[in-house]
Amino acid sequence: MTLTEEQLASYHNDGFVLLENAFSGDEVENLCLALAEDERVPGPWLITENDGVTSRSIYASHTRHPVFERLVRTERLLGPARQIADADLYVHQMKVNFKRAFGGGEWAWHQDYIVWRDADNMRNASQVNVALFLDDGTEFNGPVIFLRGSHRLGTLDRGASTRDHGAGHIDPDAYSLTPVELADLVERHEMVSPKGARGSVLLFSPQIVHGSGTNVSPFARRLLILTYNPVSAAPSPVGAPRPEHLVGRDHTPLRIDRGRFDCP
Ligand code: HL5
Ligand code: SIN
Ligand code: MN
């Protein structure tokens with residue numbers, strides 16, 4: 001799978017591009033079986049909603065489950081990311097945001113890079129986010145909303161600090177844009193939420209402003225998000241690094257795998 005000139009231009013101009021039906025229904029089904037297995041492994045990589053019970057996010061399944069170990073190398077995800085970054089890549093972070101039916105929580109408006117800059121000493125916004133829809137993404141189940149082209153504004157600095165968050169996962173709440181900032185930005189950057197069937201892939205910039213609402217629908221919205229980073233841009237932490245499930249320490253260049261995921 002190679003991005004066309006037009007798709008590359010969309011990524012650079014809009015800050016995202018949607019690739020519909022990159023994985024088959026059977027493949028997604030098998031990824032979901034693997035995810036359910038990994039969700040049963042207790043550990044600090046499992047983040048719950050405020051109820052303390054429902055899964056909100058799970059980090060780094062690729063370090064525990066062979067199916068995801070292979071997935072991060074698949075041509076259909078790694079290929080387009082390599083094209084965009086034009087470099088050898090490793091996995092900076094991998095997560096699945098579950099957003100369960102009837103109440104999966106919102107994600108505040110934010111940019112990603114500023115968090116990784118402050119928490120992990122990332123020197124530049126060289127990452128590429130590659131999201132894979134594990135459920136159909138509709139207007140009803142809390143899709144990610146982008147401000148089109150807002151990645152071109154660069155880092156929108158704020159007084160936020162990761163210092164109070166210790167070594168844990170950083171919820172974008174801590175870095176959220178204010179209502180005034182948002183109202184101003186949407187005058188120049190249209191709100192858009194790419195929708196697609198499960199198996200669709202959404203590439204997006206670490207600098208684009210994004211957020212998502214509560215899932216009030218009866219349909220879950222599991223979204224797998226892989227963040228690749230060029231090997232040459234791997235950070236050196238100042239002080240204690242965050243745990244490995246949040247910040248990948250294996251900086252070996254990933255090799256392309258052309259396999260499928262049809263069989264469990
Ligand atoms: N939760 C991530 C982290 O690194 C940061 C957010 O969407 C990514 C902003 O802990
Ligand atoms: C979401 O899952 O809706 C938010 C994704 C993100 O912030 O990267
Ligand atoms: Mn984000």
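Residues are classed here by relative accessible area: buried means under 20%, exposed over 50%, and partly exposed in between, with a 1.4 Å probe and protein chains only. By this scale Arg 117 is partly exposed, at 26% relative accessibility. The structure is a predicted model, in which local features need pLDDT of at least 70 and side-chain atom pairs count only at pLDDT 80 or more, while totals for chains, interfaces and linings use all residues; side-chain values use heavy atoms, with hydrogens and water left out. Residues are numbered from 1 along each chain as its sequence is written, and chains are lettered from A and ligands numbered from 1 in the order in which they are written.

Salt bridges were considered next. A salt bridge is defined as a side-chain nitrogen of Lys or Arg within 4 Å of a carboxyl oxygen of Asp or Glu. Side chains of opposite charge can pair when their charged atoms come close. The whole structure contains 18 salt bridges. One of them joins the side chains of Glu 27 and Arg 76, with an N to O distance of 2.7 Å. This pair links distant parts of the chain, since Glu 27 belongs to helix α2 (residues 25-39) and Arg 76 to helix α4 (residues 75-85), 49 residues apart. Helices (H or I, at least four residues) and strands (E, at least two) are DSSP runs, numbered from the N terminus. Glu 27 is buried, at 0% relative accessibility, and Arg 76 is also buried, at 12%. Glu 27 and Arg 76 further belong to a network of salt bridges that includes Arg 260 and Asp 262.

A salt bridge is also formed by Glu 75 and Arg 258, whose closest N and O atoms are 3.3 Å apart. Here too distant parts of the chain are linked: Glu 75 lies in helix α4 and Arg 258 in the segment after β11 (223-230), 183 residues apart. Glu 75 is partly exposed, at 23% relative accessibility, whereas Arg 258 is exposed, with a relative accessible area of 63%. Asp 118 pairs with Arg 117 in a salt bridge, the closest N and O atoms being 2.9 Å apart. Asp 118 is partly exposed, with a relative accessible area of 30%.

The manganese ion (ligand 3) has as protein donors His 110 (NE2), Asp 112 (OD) and His 210 (NE2), which lie 2.1 to 2.2 Å from the ion. Donors are N, O and S atoms within 2.8 Å of the metal (3.2 Å for Na, K and Ca), and water is not among the atoms, so sites may look incomplete. Along the chain, the donors of this ion follow the spacing H-x1-D-x97-H. The six donor atoms around the manganese ion subtend angles of 51 to 175°, and the arrangement is therefore irregular. Four donors count as tetrahedral if all angles lie between 85 and 135 degrees; four count as square planar and six as octahedral if opposite donors are over 155 degrees apart and all others between 65 and 115; anything else is irregular. Among the donor residues, His 110 is buried at 7% relative accessibility, and Asp 112 is buried at 8%.

Empty space was examined on a 1 Å grid over the protein atoms alone: a cavity is a set of points where a 1.4 Å probe fits but cannot get out, a pocket is an open set with protein on both sides within 12 Å along at least five of seven lines, and lining residues have an atom within 4 Å of a point. Grid points are joined across faces, edges and corners, and a volume is the space filled by probe spheres set on the points. Two cavities of 30 Å³ or more are found. The largest cavity has a volume of about 300 Å³. Its lining comprises 22 residues, with Lys 95, Trp 107, His 110, Asp 112 and Pro 172 closest to the centre. Elements giving two or more residues to this lining are β4 (89-97), β5 (107-110), α5 (113-120), β10 (210-212) and β11. The second largest cavity has a volume of about 80 Å³, and its lining residues include Phe 133, Asp 135 and Arg 221.

The largest pocket holds about 290 Å³ of space. Of its 15 lining residues, His 62, Thr 63, Arg 73, Asp 250 and Leu 254 lie nearest the centre.
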